[in-house]
Amino acid sequence: MEHRRFNNNKRRFGTTRYGPAKKFHHTNDTIRSSSIAEKDIYCTEYVSKLEGFQGVLKSRFSDFHVNEISADGEEAILTEVSIVPPCKFEDENVAPEDQKNELVRLIDADNVKRIEEIVDGIGEPSVKVDATNLSKEDRTAIHNCIKAVFGAAVVGSTVSEGDRKLIQITKYRKMEKKDRREKWKWPHEYTYFLLYKENIDTIQATLLLSQGLHCSPSVLTYAGTKDRRAKTTQWMCVRTREPVKIIQAARNAGCVTVGNFSFKPTALKLGQLQGNRFRIALRQVTASDETINSCMEEFRRKGFINYYGLQRFGNCASVPTYKIGIELLKGNWKEACNLILQPREDDHPYMVEMRTIWAKTYNPSEALKKLSPANKSVEALLLRRLASHGAKDYLAAIGYLPRNVRLLYLHAYQSLIWNRVASERIRKYGFQPVEGDLVYVDKHDTASIAQAEAMSGGEETDLNTLNALQAERNDDAEQNELKAEDGGGEMTEKSYFKNLVRPLTADDIASERYTMFDIVLPLPGHDITYPSNDCARWYEEAMAEDALSSEKMQQKSKSLSLAGAYRKLFVLPERLEWKIVRYVNATDTLILSDLEKCNNVPEPPFTEWAANESALRAVLLDFRLPTSTYATMALREILKTDTSSTNQRTLEKLGQAAPPANAEELNNEGDTSSAVLDAKDGPEFARSIRSNDGIRIIGVPLYRKEQYEYAPNRTDEFCVFWDFVWKPSEPEPVFTPSMVTKVAFMNSTSRRIPDSLYDAFPNTKTLVWRGGTLEELNIKNKLEYLYAENNQITTLTIDESGKNLKELHISGNPLKFIGSIVQNLLGLLVLDVSQTLAFDDNTIDLSVFAALLNLTELKLSNVGAYYIENDSQAVLPKLKELDLSANPFTPSNFDLEVFRTLPSLEVLNLRDALMTSLSVTDIRQDLPALKRFHIDGNSFRCDLQQLLLAHLKKNRIETVPQHRECKLGFENIDGLCCLSFIQNVPKTDAQSTTTIAPSEGAGSITTAATNEETRQEEEIITIMIFTIVVIRARPPKASKVLHSHLV
């Protein structure tokens, strides 16, 4: 779908065709999770009858580690992050003199002598060697010998003249097109490497790498997606990309690491894995060692029920995804659309407005006005289709959704039925095989079983895989039907997929050849075998409640048909190990990642921590699971608690406290109910006190006064708290009142800033809390400067005193909303929201900051923005510096005209924005006060960049040189890296003309040397931008016509 931001390349402000610009006043920026629970999706049974124990899952993302297991059984472990040395070929060992002799043999001595004359600057301008009768291998050998003998002094290429093929050799000249093709020095064309990532999902990591490699994300392939909130290692593959370039792309991305390079003849495909290894830490464990060991032994012996986890059913309790799937299978297109657009809890405010209007009016055009044009949500796609093709054409609107989205709804319903039947089967038949249960016919046919179970989906399954497999199944089923029709009667034999399984007989049960781990249950579909016991009836009854049946799952539209799949009922973990440890602080690292091991980070000091009387308990798990399983369901069996994120956060807030060894120990602790931090106890004082309700309060060193650099080149005396730990379930620490004005917290752990801190330090003007675990940021009192970068902040609240705040630095946080926040910070001078999720629709709208009339510096670096707009023409009269660096802006939708409402802007940063073109024709009209322009790290062609720099220099605008080495394919001109490509055109006596031929990612520029130099420069830049925008949107033939016209 084309996404336009401009009309005839001119920026439109104010009212647009999508409706008037709208400011959203968010009343609540707290992100709450859905209340959907396991019982709602029929996860009700357990294999073991033991009670389990309490523990917090994913308290930190570093508590969850995943290593992929390849199809060959190899575990993905990052052990080497250095560059792989190039593979040496035999011809590289040939002496230069021998290579010259070889060249003489291939093209004869006369031609070699003529090439030598070219190198010496004498003789003919080029040499052409007839290669018509030579094979491709011989032509390649000639090129390799020429490069080996003459190096970069000459440029060789293969050209055609009529029916003849010629090898043309010319002398290399600077600024002339050069053969940049490099010989592939590796044994195979596909580069395999390990991708290590932290707190980012596989798709996001792939996008970041592709940007660094200047390729489409689809070029990078992988076997399966991995969890976002975890540290994971997996294989990835890309065709003919040098390891050094991949490493550089990973370094530029910043959140991924690559290594362990290898080369293979075939590409890595989705689904080519056996499973995953999981290393998990469960924190705040309260049970005894005996209880833990008993639960783990039972888990090792009996495994767990292979339920579908909560992830399968969306994040909204009132509209789970399976309800939409039901309406799609019934052909109720209107009801399906209404469910997708139905109001729901915990939604974004602008989505709430949209849903409310739809519920009242059913007018897609009116509802669409509440969404940004950049919004790419499912709801936005539906509304746009309904608005443009008829408000009642619901079938077309559903068909307009990506197939993956439709599959998500359909598979959710299949998963719900599977969970329901699985629970009922266990309640009636228990855990042993019974007559009529299904098993695979050939348990050794691993390929067919893997395909069948891949279609059932799991925690790591990519929807693209399901999409492809589902399409293949539907095609097979259709072919089977056609064969039956050709035969003039019913199908004489079952489909291949139906024949994969068979029901157990009485003899099978008596032989005891099958165990609980052989039992499979089908996902309902039209091409599936059902058990020959009561389970079959339960499937039909469950579907009948929704007016559905197996036959109704085959529809005219293949994309809405469900053929079915098979899934193991019970799964046994492999290589299970566990360890009970103690730790002191919530931020203690309990499991070393692959990268930490590569960097020789020492193992956690569990022995030392165990000696601490206030130490908490944790269980470290290590096990392997096959594909199409959920690790959360395995942990559910161990813990016997709901694994939903809501429940886990509740457990963490409760702060499980270790019970005392005996009653005497508790009595000896006293009745102190709070920890008072007092300066008289000295800077190294720390106390650990048990309150009378049994909850530990872990004290920390008191603040010490020291010189602290709280910002670049800004140092002052601060009161610094070190290693502060406070859990919300514990009483707030009572600080001794003080009149200090500057406070900092280092290496501290807390989900929010204690209110008691504000009470004890009422005059605090500067507060620093960086790199911690803050999730809620509450701004109070007389704060003027707040630095809270690199926490986990999702909620920000401000009381009336927020008007005093002058600087707010919250970069590196997962904060999603800033609209309502900035409305209350009228005195703000500096705002830094870089590397946040504040612009999740990929659009920066300057209108959001309209209330900040005193703002002088705004940092919006690396927020994933493709577009920038200012729909309400918000004026920021005092803004002097704007940082938009590291955003992948779309050049054809980027116009400096959007900054005309920033009359005082002096510094504009567009560094590393992946720009290939930029219109600066009216820069003094757009940015009258601009003094400094950062444009380094982009992908301008050198000829275009030189024109750009000349225009900026003429307008007295400084460009800052970059202090880094240029990448391959780039040249350093005037201190800035640029893509080099230029081609000379013959000159006539009448005029001197230079034509820069079109190339990928750039347009055509035509200049003529005349006496009207100033006028021509403006025309050059205008033509440059016009052709860049227009040629990109036209096919090659149209581009050539346009180019000729401009010349």
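**Entry 1. Helix H9**

I take the expected span of a helix as 1.5 Å times one less than its number of residues. The model I am reading is predicted, and I began with helix H9, residues 349–361. Its 13 residues should span 18 Å at 1.5 Å a residue, and I find the end C-alpha atoms 18 Å apart, so expectation and model agree.

I next asked which residues of H9 are buried. I list Pro-349, Tyr-350, Met-351, Met-354, Arg-355 and Trp-358. An α-helix has 3.6 residues a turn, so residues three or four places apart point the same way. I noted Met-351, Met-354 and Trp-358 among the buried residues with that in mind.

Against which helices do the buried residues of H9 pack? I recorded helix H8 (333–341), helix H10 (364–368), helix H11 (378–389) and helix H12 (394–400). Just after H9 comes Tyr-362, and I note that its phi is positive, near 55 degrees.

**Entry 2. Disulfides**

I looked up how many disulfides the structure holds, and the count is 2.

I took the pair Cys-942 and Cys-978 to begin with; their sulfur atoms lie 2.1 Å apart. The cut-off for a disulfide is 2.5 Å, so I accept this pair as bonded. The torsion about its S-S bond is about 95 degrees, and I therefore enter the disulfide as right-handed. Cys-942 belongs to helix H26 (residues 942–954) and Cys-978 to strand E44 (residues 976–979), so the bond ties together parts that are 36 residues apart in sequence. I checked burial as well: both Cys-942 and Cys-978 are buried.

I then turned to Cys-966 and Cys-977, which form a disulfide with their sulfur atoms 1.8 Å apart. Here the S-S torsion is about -90 degrees, so I enter this disulfide as left-handed. Cys-966 sits in the loop between strand E42 (958–959) and strand E43 (970–973), whereas Cys-977 is in strand E44; the pair therefore ties together parts that are 11 residues apart in sequence. For Cys-977 I find a relative accessible area of 9%, and the residue is buried.

How do the bonded cysteines pair when they are numbered in sequence order? I wrote down the pairing as 1-4, 2-3.

**Entry 3. Two further cysteines**

I looked up the accessibility of Cys-215 and of Cys-598. Buried means under 20% relative accessible area. Cys-215 has 17%, so I class it as buried. Cys-598 has a relative accessible area of 26%, and I therefore class this residue as partly exposed.

Conventions:
Residues numbered from 1 in each chain as written. Predicted model: local features only at pLDDT ≥ 70, side-chain atom pairs only at ≥ 80, totals over all residues. Heavy atoms only, no water. Helix = DSSP H or I, 4+ residues; strand = E, 2+ residues; numbered from the N terminus. Buried < 20%, exposed > 50% of the residue type's maximum accessible area, 1.4 Å probe, protein only. Contact = heavy atoms within 4.5 Å.
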